[in-house]
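User: I am in my first year and would like a close look at a single topic here, the salt bridges. Which residues do they join, and how are the partners placed?

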Amino acid sequence: MTKPDFDLIIVGGGMVGSSLAYALRNTAMKIAIIEATEPSSEYQPSYDDRGIALSYGSQRIFETMDLWSQLKTYATAISDIHVSDRGHFGVTRLSAQDEQVPALGQVITARYMGQVLNHAIAQQANLEPIWKATVTSLEQFDDYAQLQLDNGRQLSAQLIVAADGAHSTLRQLLGLGALERDYQQTAITANISTERPHKGCAYERFTDTGPIALLPMSDNRCSLVWTVKSGDDAAILASSDADFLGQLQQRFGYRLGKLTQVGQRNSYPLKLVQADQPIQRRVVLIGNAAHSLHPIAGQGFNLGLRDVVALADVLADGHADYGDSRLLHDYSQWRQSDQDKVIAYTSSLVSLFSNDNPFLGHLRGAGLSLMEMLPPAKHWLAKHSMGINGKQPRLSRGIPL
Ligand SMILES: Cc1cc2nc3c(=O)[nH]c(=O)nc-3n(C[C@H](O)[C@H](O)[C@H](O)COP(=O)(O)OP(=O)(O)OC[C@H]3O[C@@H](n4cnc5c(N)ncnc54)[C@H](O)[C@@H]3O)c2cc1C
């Protein structure tokens with residue numbers, strides 16, 4: 001058997017790729033991570049100012065990985081979630097108290113996540129980070145796979161993990177198809193200051209043009225994700241601060257009093273992308289490279305992190321061949337159902353809640369009222385939002401690798 005340069009090469013040092021590298025820090029594996037940008041979260045496109053709602057399950061994973069003590073400095077706890085539908089009756093509320101957990105989730109900006117993760121992987125003895133490099137070709141052999149980088153280096157490994165995001169180069173090099181659904185929607189993000197304190201409550205408000213999420217953040221700011229029809233975004237982005245806040249206030253209402261200030265705005269066209277076959281010979285796709293979701297339910301990274309801990313669990317016990325097809329098959333079997341459920345759940349929320357059909361509007365109102373009256377239904381929704389359903393890998397159960 002040819003001895004490859006590494007046991008594992010991770011392509012893409014975003015939130016998902018870096019989390020995988022860090023999860024495997026105490027193993028015997030020799031790992032490389034290849035990232036297209038400079039070693040600073042300032043330059044990585046995914047480490048921008050968007051607020052990421054980490055589920056309770058993701059928080060537990062970072063606790064087990066000994067990273068939570070650093071992340072929590074920048075995090076704001078979600079104590080309650082308030083879901084409403086503009087123009088219809090029906091509201092439902094989830095609370096940490098009812099679910100008997102310290103918090104339903106935590107909000108942290110992607111930029112801080114990037115700072116903490118980049119610093120953490122820089123200290124890792126079994127990891128070689130390769131910055132400012134991209135992959136130009138991939139060859140798969142029986143006992144290893146080989147990558148050619150644009151800086152002239154050639155690297156081989158028993159296993160390659162593609163964590164290179166929604167526009168995955170590895171997916172393209174493999175010639176893999178993907179299910180794609182263009183939602184014809186754009187998410188506008190910004191930090192918003194409000195007259196009344198958020199008191200740890202996250203608001204999800206459905207409107208006829210798309211959902212609005214306001215997530216609690218430090219200094220009594222909220223992180224906004226405002227989904228609008230593509231085509232409407234340019235005018236909203238170009239409006240003055242006063243106009244922007246006026247339009248948002250009209251759609252969100254006065255639950256947090258007057259909306260007083262808006263920070264820098266960013267926009268993201270929204271599309272579902274699901275790779276056809278995330279397991280290939282000596283290659284696994286994880287995170288956004290495997291499935292990129294609508295942010296309506298704040299599940300994209302949480303789902304990617306569950307890929308990470310399941311794959312780390314399968315790899316961690318020391319194997320003669322980390323790219324063995326049986327290992328990859330075990331991983332794929334384990335993850336399939338969670339991925340399918342979250343994708344289906346997210347897509348049906350988009351269809352049901354981004355719709356101006358009056359019948360669906362009444363149905364949504366009735367559904368939210370019913371949910372409020374049925375504690376088991378609320379409990380089911382809360383468990384889903386917290387990401388603690390199904391068979392849990394060790395890192396999710398508080399057991400270090
Ligand atoms: C508006 C918005 C709000 C969101 N809110 C939430 C939320 O509240 N909760 C949640 O869980 N998720 C949320 N998400 C989703 C979350 O941001 C993504 O799921 C997450 O960023 C995916 O991480 P990733 O590492 O898989 O991919 P990416 O973040 O895209 O990282 C990929 C990395 O690979 C690098 N790269 C790309 N190509 C190459 C190459 N060829 N060679 C080397 N490196 C390469 C890139 O530079 C990048 O660093 C949100 C998304 C959006 C757009």
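Analyst: Let us begin with Arg 153 and Glu 128, which form a salt bridge whose closest N and O atoms are 3.1 Å apart; the term stands for a side-chain nitrogen of Lys or Arg within 4 Å of a carboxyl oxygen of Asp or Glu. This pair connects distant parts of the chain, since Arg 153 sits in the loop between strand E10 (145-149) and strand E11 (154-162) while Glu 128 belongs to strand E8, 25 residues apart. Helices (H or I, at least four residues) and strands (E, at least two) are DSSP runs, numbered from the N terminus. Arg 153 counts as partly exposed because its relative accessibility is 33%, and Glu 128 is likewise partly exposed, at 30%. Here buried means under 20% relative accessible area, exposed means over 50%, and partly exposed lies in between, as found with a 1.4 Å probe and the protein chains only.

Before going further, please keep in mind that this is a predicted model, in which local features need pLDDT of at least 70 and side-chain atom pairs count only at pLDDT 80 or more, whereas totals for chains, interfaces and linings use all residues. Residues are numbered from 1 along each chain as its sequence is written, and side-chain values use heavy atoms, with hydrogens and water left out.

A second pair is made by Lys 132 and Glu 38, whose side chains meet in a salt bridge with 4.0 Å from N to O. Again distant parts of the chain are linked, for Lys 132 lies in the loop between strand E8 (127-130) and strand E9 (135-140), and Glu 38 in the loop between strand E2 (31-34) and strand E3 (51-55), 94 residues apart. Lys 132 is exposed because its relative accessibility reaches 53%, whereas Glu 38, with a relative accessible area of 33%, is partly exposed.

The third pair to consider is Asp 321 with Arg 282, where the N to O distance of the salt bridge is 2.7 Å. Asp 321 is in the loop between helix H9 (300-315) and helix H10 (325-353), and Arg 282 is in the loop between strand E18 (279-280) and strand E19 (283-285), so this salt bridge ties together parts that are 39 residues apart in sequence. Both Asp 321 and Arg 282 are buried. Elsewhere, Arg 306, Asp 307, Arg 335 and Asp 338 are joined into one network by salt bridges that share partners. Over the whole structure, the search finds 14 salt bridges.
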